[in-house]
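Visitor: I should like a close look at one part of this model, followed outward into whatever surrounds it. Please be exact about what was computed.

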Amino acid sequence: MKRRTGQDRSITSRWRPATQAVRGGTVRSEFGETSEALFLTSGYTYDSAAEVAARFAGEAPGMTYSRLQNPTVEMLEHRIALMEGAEACRAMATGMAAMTAALLCQLSAGDHLVGGRAAFGSCRWLTDTLLPRFGIETTIVDGTDNDAWAAAVRPNTKVFFFETPANPTLDIVDMEAVCGIARANGITSIVDNAFATPLLQRPLEFGADIVAHSATKMMDGQGRVLAGAVCGSEEFIENTLLAFTRNTGPTLAPFNAWVVLKGLETLDLRIRRQSENALEVARFLAGRIERTLYPGLESHPQHALAMKQMAAGGTILSVYLDGGREQAHGLLDALELVDISNNIGDSRSLMTHPASTTHAGLSPEVRAEMNVEEGLLRLNVGLEDPADVIEDFDRALKKVGL
Ligand SMILES: *Cc1c(COP(=O)(O)O)cnc(C)c1O
């Protein structure tokens, strides 16, 4: 029975993250299906009025409505929690729904947040535009400068929020140091772990309190659905996050949860191979473009820290071309295999020009402060034979005079 349902936590909790990615959280129905079932249902039925009353009162277990719980979504939540080594997780409709919920569920007017300067464009919009509108003060620091985090702490600082590696400049934040500063000051640290995933990096082991994800990226991994997740202590998820998400509704659809469950089964294979491919492509590009940034390259200014925190360099690299937007756009247009696309984490190699896409919504001043220059290009290295990707770049680089 244990083997069939996969529910015995005393067995499943011992498994390593790569095993959790395949099996964690699986609950089988009475049919004993091998692959997770897809429960496309918005509601539930009950044997009696008393039973539903008990569920609504929180006195009996069981689901009541798919904005609150769904069996397929719950399997994904348990799987991600087990992979991150977190007590609990809740899935969200998108990565941005996850980031927004993780922040708004715990911040109130009069609170203060410190955020890392290099970040996904929409994450910077949250810290720079949305939160201040509700009376939440924010300070943005150079995430790579541990002293800057410490200096930014105020009596009302409630949250540290950062991503590592950061999008798109690949800054690495020293999680042990920065989360340690947070802990010592009673501040909650939230790490956006979209780039590395728990198979390359587990922020809770470095002292983070909350891990938030865009599962759209490596977790789905094949460019199909949007999804997000927030992981943390049972106490935080139950008492702080759920009050917010149950009533505001950034819930993940069961179908999308099912797609991500399928994606997670191959995450370990994909992220290791894509990281190997990225390292090969980065080595080639570094021979042609002086400013090639990849955490797995020794020339990355924070290579040692990256390798302390991560099992591999990840799938993303960035290059800075001296010829600005014209040369960057020219290189994109000259590529034949690599697609022009602003998505990442896909099994296809994709390249984008952040200044005119993902970070176009930020002011030129903010872009300059984040080092999102006009010559910057961000590459997601996919599962193709890296020799073909390298050949594509060789040809395209020659076309733009590099
Ligand atoms: C993509 C991304 C997000 C946003 O996720 P969505 O699923 O697109 O909403 C947040 N943070 C990082 C680091 C990302 O790469």
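Visitor: Let us take one side chain in particular: does Asp346 count as buried or exposed?

Guide: Asp346 counts as buried, because its relative accessibility is 7% and the term applies under 20%. This is a predicted model, and what follows should be read accordingly. The side chain of Asp346 meets that of Arg348 in a salt bridge, with N and O 2.6 Å apart. The partner has another setting: at 41% relative accessibility, Arg348 counts as partly exposed. The bridge thus joins a buried acid to a partly exposed base. Side chains of opposite charge can pair when their charged atoms come close.

Elsewhere, salt bridges that share partners join Glu36, Arg79, Lys262 and Glu265 into one network. A search of the whole structure finds 22 salt bridges. Within the network, Glu36 pairs with Arg79, and their closest N and O atoms are 2.7 Å apart. Glu36 belongs to the loop between α3 and α4, whereas Arg79 is part of helix α5 (residues 71-84), so the pair ties together parts that are 43 residues apart in sequence. Glu36 is buried at a relative accessible area of 6%, and Arg79 is buried at 0%.

A further bridge runs between Asp209 and Arg183, where the closest N and O atoms are 2.7 Å apart. This pair links distant parts of the chain, since Asp209 sits in the loop between α10 (197-200) and β6 (210-214) and Arg183 in helix α9 (residues 175-184), 26 residues apart. Asp209 is partly exposed, its relative accessible area being 23%.

The loop that carries Glu36 also has a nonpolar side. Leu38 is found in the loop between α3 (17-23) and α4 (49-56). Together with Leu40 and Phe255, Leu38 makes a nonpolar surface patch of about 290 Å². Leu38 counts as partly exposed, because its relative accessibility is 32%.

Polar contacts also matter at the ligand. Among the 14 residues around it, Gly95, Met96, Asp192, Thr216 and Lys217 come nearest. A polar side-chain atom of Asp192 lies 2.6 Å from a nitrogen atom of the ligand. On the oxygen side, an N or O atom in the side chain of Thr216 is 2.6 Å from a ligand oxygen, and a polar side-chain atom of Lys217 is 2.8 Å from an oxygen atom of the ligand. The ligand has 380 Å² of accessible area on its own, and the protein covers 93% of it. By residue type, the shell divides into six nonpolar, five polar and three charged.

Gly95, one of the nearest residues, leads to helix α6. This helix (residues 95-104) is mostly covered, with seven of its ten residues buried. Those buried residues are Gly95, Ala97, Ala98, Met99, Ala101, Ala102 and Leu103. At the start of α6, a side-chain oxygen of Thr94 comes to within 3.3 Å of the backbone nitrogen of Met96.

The loop between β4 (157-163) and α9 contains Pro165, and the backbone there deserves attention. A cis peptide bond joins Thr164 to Pro165, with omega about -10°. Pro168 lies in the loop between β4 and α9 as well, and the peptide bond from Asn167 to Pro168 is also cis, with omega near 0°. Most residues other than glycine have a negative phi, and most peptide bonds are trans. Leu170, also placed in that loop, has a positive phi near 60°. Leu170 is buried, with a relative accessible area of 1%. Asn371 likewise has a positive phi, near 65°, in the loop between α16 (364-369) and β12 (376-380). In contrast to Leu170, which is buried, Asn371 is partly exposed at 31%.

One last site is Thr315, placed in the loop between α14 (303-309) and β9 (316-320). Thr315 counts as buried at 2% relative accessibility. The side chain of Thr315 makes a polar contact of 3.1 Å with the side chain of Asn380. Thr315 and Leu350 are 35 residues apart along the chain, and their C-alpha atoms are separated by 11 Å.

How values were computed
Residues are numbered from 1 along each chain as its sequence is written. This is a predicted model: local features need pLDDT of at least 70, side-chain atom pairs count only at pLDDT 80 or more; totals for chains, interfaces and linings use all residues. Side-chain values use heavy atoms; hydrogens and water are left out. Patches are made of residues with over 30% relative accessible area and no salt bridge: like charges are joined within 9 Å, nonpolar side chains (Val, Leu, Ile, Met, Phe, Trp, Tyr) within 5 Å. Accessible areas come from the Shrake-Rupley method with a 1.4 Å probe; for residues, only the protein chains shown count as cover. A salt bridge is a side-chain nitrogen of Lys or Arg within 4 Å of a carboxyl oxygen of Asp or Glu. Helices (H or I, at least four residues) and strands (E, at least two) are DSSP runs, numbered from the N terminus. Buried means under 20% relative accessible area, exposed over 50%, partly exposed in between (1.4 Å probe, protein chains only). A polar contact is a pair of N or O atoms within 3.5 Å; within protein, one must be able to donate a hydrogen and the other to accept it, and residues adjacent in sequence count only if both atoms are side-chain atoms. A residue is near a molecule or strand if one of its heavy atoms lies within 4 Å of it. Ala, Val, Leu, Ile, Met, Phe, Trp, Tyr, Cys and Pro count as nonpolar, Asp, Glu, Lys and Arg as charged, and the others, Gly among them, as polar.
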